[in-house]
Amino acid sequence: MEDDSAVSDALRGLEQDFERNLRLNEQQQAGLRVKCEFNGESRVLNTFARPLKLTDLRNELQARYKRRLDIYFTMPNGEIDVPVLSQDDLDLVVRIIDHHQNLRSLRLLLRVPPDAEDTTDGNGRCSPPPGTLPPGAEFHDTASQMTASTYSEGEFIPEDRDTDSLSSVSESRQSLDTFQIRARGLGSRASVHSDSAVAMDDMSRRGGPGGTFPRRNVVHIDDGRASVPRTMQRTRTPAEVAAANRRDFPRADSLGSAQRSPAAPDNWKQGDLLGQGAFGKVYKCHDQDSGRLFAMKVVQLDANQDPATSREVKALEIEIQTLKKFSHERIVQYLGYHQDAYRLCIFMEYMDCGSLRDEIKRFGPIREILARKYTRMVLEGLSFLHRNTIVHRDIKGANILKDSQGNVKLSDFGSAKHIKTLQSAMSTTFAGTAPYIAPEVIRGKKYHYKADIWSLGSTVVEFLTGHPPYHQLENAVSVIYRIVSDQKVDYTLPSEVTETARQFIDACFTHALEQRPDADSLLRHRFCTEAL
Ligand SMILES: Nc1ncnc2c1ncn2[C@@H]1O[C@H](COP(=O)(O)OP(=O)(O)OP(=O)(O)O)[C@@H](O)[C@H]1O
């Protein structure tokens, strides 16, 4: 009986291989259709003969667009663009789409090279229109004594600290952070799960005791202090919220107490630079009213933002408004945001020891005993996010922050999608993130919460070896090619690392989503439960 089923399995496998090869042959004999997107406009170029030559492609682009353009390969999910710099990159990209069942054409994103942009100020930034605040001007600049005003459409949403009817989501037990928030009774589980944003938006629409009234977004700069204007936002329609939540999640069955939302400071002073990511700088800040320290991520905006970028900024603001209501001892607390014409400032809880990536850079790979502890804390954070229908989407050492007591927390959750789209729109790349991306995401599936588990596997390799898998490869295209084509992720652990660690990592690197364990089951893995 067993023999029979083994034979039929093998036959089915052979049949599938045959069909795949047949399809591949047909595809390879047919030419290659190339679609290009430039400045928000999509065009189908010629069908190119194989093998596709980079010089032919460049010549065709030059003829069509009459300018030199940088070429990026856009993955089917539209979120990942990787630069195509050489013939080798292009060959890999063609191989990726040939092995991809659903891809019929090569999608390329075209961008004007930064050095060719004639509207830049020489630093890659766009010059502001006449009469506007220069991009370098900081709000706290005492010398300038300026008052800058920006106007945006929308309805004024009262700050949450004045809004008793707004609740936040929290499971924080004994948070060691300085942003401990006062508990305010039990929240409704149902409203916080997939309908959470609807419920919150609904409450926002109704407004708290402060009422709802239109207001202009004005930034006053005086006296070396910055006053944060009340934020404005467009409320999400139920359809948008439903679309955002149309994912397959575990049930939110253990939401804890609802608490008062943390609020962004009204008056602050910018301090030292804490670090810089692919997209913006992070500064330490001092709340001038409470004395608390917090972190401020500054995302520079292009003054001549195209509509797509503006939409993404708006979406990011809305996301942060929602995310700040989530509170847990293993996630870095969002406090709010402020936007003007030149920058979007995202306020967050301050973590005084920086990221685990910084720690690895400074002190080398992390010993397994500590890696186990960090992994457990990361999984607690992931378990909370996933129960609350949030996919982190960018788990990596650089997004795990630590305080001086050894607590680690997840940062940058939820906002990753908008940040990435913005990065893409503003011509930065996120090659640094490529080694952590799950293969199904590269293949174009929507982010499923289990994609975070795959990234966790890469992050544990990073803890133990100092680098994620495939870091030695030269470029992002090679990395994503290896992730989608390797049956087994190629990584080497130091000899002293236990078999338990390897099993844990391999469990994270399970290709089939339904077999890949979730955060709660990984928390029960011996890697997390047993001390060394
Ligand atoms: N809340 C915070 N508290 C303290 N330091 C922080 C905080 N957030 C970020 N940092 C510091 O700033 C650095 C840059 O953070 P940022 O989130 O901009 O980029 P990243 O996560 O390192 O990289 P990428 O932009 O590619 O995701 C971090 O590595 C960390 O050292």
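These legends walk you through three close-up views of a predicted model. Local features need pLDDT of at least 70 and side-chain atom pairs count only at pLDDT 80 or more, while totals for chains, interfaces and linings use all residues. Residues are numbered from 1 along each chain as its sequence is written, and side-chain values use heavy atoms, with hydrogens and water left out.

**View 1. The ligand and its surroundings.** Here 22 residues surround the ligand, each with a heavy atom within 4 Å of it. The closest are Ala278, Lys297, Glu349, Asp358 and Asn399. Look for the polar side-chain atom of Lys297, 2.8 Å from an oxygen atom of the ligand. Glu349 instead offers a polar backbone atom, 2.8 Å from a ligand nitrogen atom. In Asp412, a side-chain N or O atom lies 3.1 Å from an oxygen atom of the ligand.

**View 2. Helix α12 meets helix α14.** Helix α12 spans residues 451–465 and helix α14 residues 499–508 (helices are DSSP runs of H or I, at least four residues, numbered from the N terminus). Their axes come within 7 Å and cross at roughly 145 degrees; axes are lines fitted to C-alpha atoms over the stretch in contact, and angles run from 0 to 180 degrees between N-to-C directions. On the α12 side, the contact (heavy atoms within 4.5 Å) includes Trp454 and Leu464, while α14 brings Ala501, Phe504, Ile505 and Cys508.

**View 3. The second largest cavity.** On a 1 Å grid over the protein atoms alone, a cavity is a set of points where a 1.4 Å probe fits but cannot get out. Among the residues lining this one, with an atom within 4 Å of a point, are Arg393, Asp394, Tyr436 and Ser455.

Technical notes:
Helices (H or I, at least four residues) and strands (E, at least two) are DSSP runs, numbered from the N terminus. On a 1 Å grid over the protein atoms alone, a cavity is a set of points where a 1.4 Å probe fits but cannot get out, and a pocket is an open set with protein on both sides within 12 Å along at least five of seven lines; lining residues have an atom within 4 Å of a point. A polar contact is a pair of N or O atoms within 3.5 Å; within protein, one must be able to donate a hydrogen and the other to accept it, and residues adjacent in sequence count only if both atoms are side-chain atoms.
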